[in-house]
Amino acid sequence: MGEKDGQEASCNQSTKQTAIRDDLSFSGTLAISSDYEKSISPQESPATSYPEGGLRAWSVVVGAAFVSFATLGWINSFGVFQAYYQEGTVMNESTSNIAWIGSIQFGFIRVPGFFVGWLLDRGYYKGPFAISSALYILSLFLVAECKTYWQFVLCQGVANGTFAGMLFGTAPTVVSHWFHRRRSFALGVFAVGSSVGGIILPIAVHELLKIMSFQWTMRVMASILGFSIVISNLLLRTRLPSNAKGGIFKFQMFKNLAFSFCVLAYNVSFLGLYVPLSYLNLSAQVASVGRPPNYAFYLVSFANCGSLISRVASGYLADKFGPLNVLIPFTFVAGITSYIWPYVTAHAPGIIVISIIYGCATGAFVSLLPSVPIRLGRMEDAGSRVGMATTCILFGSAAGPPLAGLLHTMSGGFVDVGLYAGFVIMLGCVLLAITRRLALGQWTGNF
């Protein structure tokens with residue numbers, strides 16, 4: 001009997017060790033293995049505690065996709081507003097000044113991340129989400145009432161961006177409550193929402209502006225986005241218990257060098273990533289002065305068509321090979337296409353192909369952005385970690401297009417803009433590679 005018990009104990013110990021080794025292999029990191037093991041309690045191991053699918057889990061992903069559609073999808077559609085505002089219909093401002101509206105909007109969507117992530121980790125989700133939903137919808141309707149440049153900055157830039165961030169900031173972590181082994185794929189499906197929004201919404205705005213005033217166009221769009229937000233309120237739900245500790249600002253996270261370099265890499269990359277998307281429409285119009293091409297207003301939608309595929313595909317690949325192993329090659333492609341973009345603006349087939357390829361590259365980046373911070377620590381404070389990461393990339397998100405607009409104003413063309421975007425994206429690739437090295441403790445492996 002004693003010998004049998006000893007064999008069973010040895011077998012159980014071996015099984016536990018094998019499970020831990022398998023899980024660490026999936027997470028793809030040796031540098032944080034001790035933190036990762038501590039985060040898995042006997043009551044909550046990834047193999048048994050995460051649904052990994054089912055009606056309830058996928059309904060959460062659908063709800064998050066509606067959030068992505070109505071927030072990031074809307075903000076990614078600013079290219080159509082950039083071109084429309086430059087016509088002088090509602091304001092008379094320079095390219096760079098108008099770009100600040102979209103950049104503030106895109107930057108401020110990052111600001112509330114640390115706060116809403118901190119609330120989520122402590123179990124406060126439904127109430128703040130409902131209040132933020134009402135304020136976001138109100139801010140969308142207020143854009144229709146704007147008359148001056150600074151009113152657009154405050155309403156479309158600051159208010160739209162901030163309240164969109166209150167909604168979008170927690171969505172990746174809420175999705176992660178329901179998936180572990182298939183997390184990157186689920187996050188890719190969630191990110192599809194912003195691609196669909198980026199395809200449909202700019203076309204809708206462009207077509208509505210042909211048949212009605214700017215004010216009524218904004219009211220119609222606000223109603224559509226508001227309906228999407230209502231659906232997300234009905235579907236989204238957290239699952240894991242709230243047991244995180246500590247203050248709102250968790251600066252100790254930056255003691256993890258991999259996390260610090262990850263945030264730095266995101267910042268540098270975002271200085272260039274959204275530059276081509278912001279100026280695709282305008283560059284095609286400028287290159288065809290006297291005969292504005294019909295396809296120019298649809299270039300951002302072409303880009304988002306490309307990103308629609310890559311967001312799901314990159315998530316699937318990341319679950320197999322690790323998010324950074326997938327993210328780095330896609331980001332490299334974005335850098336190359338940024339160099340090429342200014343030279344094909346006058347050629348319809350060329351600019352359409354570049355738009356689709358660039359959309360694929362940036363779609364993967366957006367899809368996998370939360371995956372790396374989530375893996376660099378424990379699940380109990382994942383909301384704060386993702387929130388801190390998204391808030392800290394505010395500078396790169398907000399400053400990129402205006403800097404590019406300044407370069408365009410100074411040079412009078414888009415060649416220098418493309419060189420700038422390509423350079424900072426390539427620098428971001430190098431920093432992502434360093435992040436991967438720090439996380440793994442070696443140059444090879446899945447992360």
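Start with R239, which lies over the face of W178, 6.0 Å from the ring centre. That puts a charge over a ring in this predicted model, and there's another case to look at: the charged end of R219 sits over the ring of W216, at 4.7 Å from the ring's centre.

Now for rings paired with rings. The structure holds 23 aromatic pairs. One of them joins F81 and Y85, with 5.8 Å from centre to centre and 45 degrees between the planes, so the pair counts as tilted rather than stacked (under 30 degrees) or edge-to-face (over 60). Why do F81 and Y85 sit about one helical turn apart? They're 4 residues apart in helix α6, which covers residues 78-85, and that is why the separation comes to about one helical turn. Both F81 and Y85 are buried.

Zoom out a little and that pair turns out to belong to a cluster. Ring pairs link F81 and Y85 with W74, F78, Y84, F152 and F214.

Last stop: R110, an arginine in the loop between α7 (95-108) and α8 (113-121). Is R110 buried or exposed? R110 is buried, and yet has no salt bridge. The nearest side chain of opposite charge belongs to D121, and that's 17 Å away, whereas a salt bridge would need a carboxyl oxygen within 4 Å of the arginine's side-chain nitrogen. So what does R110 touch, leaving aside residues up to four places away in sequence? The contacts are F270, T390, T391, I393, L394 and S397.

Conventions. Residues are numbered from 1 along each chain as its sequence is written. This is a predicted model: local features need pLDDT of at least 70, side-chain atom pairs count only at pLDDT 80 or more; totals for chains, interfaces and linings use all residues. Side-chain values use heavy atoms; hydrogens and water are left out. Rings of Phe, Tyr and Trp (its six-membered ring) pair if their centres lie within 6.5 Å; planes under 30 degrees apart count as stacked, over 60 as edge-to-face and the rest as tilted. Helices (H or I, at least four residues) and strands (E, at least two) are DSSP runs, numbered from the N terminus. Buried means under 20% relative accessible area, exposed over 50%, partly exposed in between (1.4 Å probe, protein chains only). A charge sits over a ring if NZ of Lys or CZ of Arg is within 6 Å of the ring centre and within 35 degrees of the ring normal. Lys and Arg count as positive and Asp and Glu as negative; His and the chain ends are not counted. Contact means heavy atoms within 4.5 Å.
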